Amino acid sequence: WAQCFTVGIPTVVFGFRDNDGIVQNVETYSTAKIYQRCTHLWQPTVCMNFANEFLCWLRRVIVETDPSEMEYVVEFNAPFDCMSLQRVRLGPSRQPVLSSRFVDAMRP
């Protein structure tokens, strides 16, 4: 939700799975109205604050400046009270996730 809301994507497609992980139903929702269906489960401000804190944390802990050589894996496992970051060196067969154009635009 956060990434769709932030960049203005108007709709989100949800796949609802059963206990075996099989998608049983697919529905499309207005991004701006999703929170209205879920007010008893979460709040948009809490979600956006978490996203902000998470992205600020990433900026502090990632020190590699050449994304063509390094990739990062973020884990947020149960009971969801701690995140970890693992650096993974890209091998010759792996392509970077971020384009060089994007990386250049994000450099300070």
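Which residue takes a positive phi in the hairpin of S1 and S2? In this predicted model, the residue is Gly-21, with a phi near 85°, and the hairpin has five residues between its strands.

## Confidence of the model

Because the structure is predicted, the confidence values deserve a look before the details. The mean pLDDT of the chain is 81, and 92% of the residues reach 70 or more. Confidence is highest in strand S2, at 93, and lowest in helix H4, which covers residues 100-106, at a mean of 79. Where pLDDT is low, the predicted coordinates should not be read in detail.

## The paired strands

Strands S1 and S2 run antiparallel and are joined by seven bridges. Two facing positions help to place the strands against each other: Thr-11 stands opposite Ser-30 in S2, and Phe-14 stands opposite Glu-27 in S2. Between the strands comes the hairpin described at the start, where Gly-21 takes the positive phi.

## Aromatic pairs

The structure holds four aromatic pairs. One of them is formed by Phe-14 and Tyr-29, whose rings are edge-to-face, with 5.2 Å from centre to centre and 80° between the planes. Phe-14 belongs to strand S1 (residues 11-17) and Tyr-29 to strand S2, so this pair ties together parts that are 15 residues apart in sequence. The two partners can also be described by their accessibility: Phe-14 counts as partly exposed because its relative accessibility is 29%, whereas Tyr-29, at 14%, counts as buried.

A tilted pair is formed by Phe-54 and Trp-57, with centres 6.1 Å apart and 35° between the planes. Both of these residues lie in helix H3 (residues 44-61), where they are three residues apart, about one turn of the helix. Phe-54 counts as buried, because its relative accessible area is 18%. Returning to the strands, ring pairs link Phe-14, Phe-16 and Tyr-29 into a cluster.

## The nonpolar core

The largest nonpolar core has eight residues, namely Trp-1, Ala-2, Cys-4, Val-12, Tyr-29, Ile-34, Cys-38 and Ala-51. Tyr-29 is thus a member of this core and also a part of the ring cluster with Phe-14 and Phe-16. Ala-2, another member of the core, touches Cys-47, Met-48 and Ala-51 when residues up to four places away in sequence are not counted.

Cys-4, which is also listed in the core, is found in helix H1 (residues 2-7). With a relative accessibility of 15%, Cys-4 counts as buried. Leaving aside neighbours within four places in sequence, Cys-4 is in contact with Ile-9, Val-12 and Thr-31. The C-alpha atoms of Cys-4 and Thr-31 are separated by 7.0 Å, although the two residues are 27 residues apart along the chain.

## A buried threonine in a loop

Thr-31 has its place in the loop between strand S2 (23-30) and helix H2 (34-37). Despite this place in a loop, Thr-31 is buried, because its relative accessible area is 2%, and buried means under 20%. A polar atom of its side chain lies 2.7 Å from the backbone oxygen of Ile-9.

The contacts of Thr-31, again without residues up to four places away in sequence, are with Trp-1, Cys-4, Phe-5, Ile-9, Pro-10, Thr-11 and Val-12. Among these partners, Trp-1, Cys-4 and Val-12 also appear in the list of the largest nonpolar core. Thr-11 is likewise the residue that stands opposite Ser-30 in S2.

## Exposed positions

Two residues may serve as a contrast with the buried ones described above. Thr-45 lies in helix H3 and counts as exposed, because its relative accessible area is 52%. The C-alpha atoms of Thr-45 and Tyr-35, which are ten residues apart along the chain, are separated by 10.0 Å.

Arg-101 has its place in helix H4, the part of the chain where confidence is lowest. Arg-101 counts as exposed, with 72% relative accessibility. The C-alpha atoms of Arg-101 and Val-46, 55 residues apart along the chain, are separated by 32 Å.

How values were computed:
Residues are numbered from 1 along each chain as its sequence is written. Side-chain values use heavy atoms; hydrogens and water are left out. A nonpolar core is a set of buried Ala, Val, Leu, Ile, Met, Phe, Trp, Tyr and Cys residues joined through side-chain atoms within 4.5 Å. Buried means under 20% relative accessible area, exposed over 50%, partly exposed in between (1.4 Å probe, protein chains only). Contact means heavy atoms within 4.5 Å. Helices (H or I, at least four residues) and strands (E, at least two) are DSSP runs, numbered from the N terminus. A polar contact is a pair of N or O atoms within 3.5 Å; within protein, one must be able to donate a hydrogen and the other to accept it, and residues adjacent in sequence count only if both atoms are side-chain atoms. pLDDT is the predictor's confidence in each residue, from 0 to 100. Rings of Phe, Tyr and Trp (its six-membered ring) pair if their centres lie within 6.5 Å; planes under 30 degrees apart count as stacked, over 60 as edge-to-face and the rest as tilted. Two strands pair if DSSP finds at least two bridges between them.
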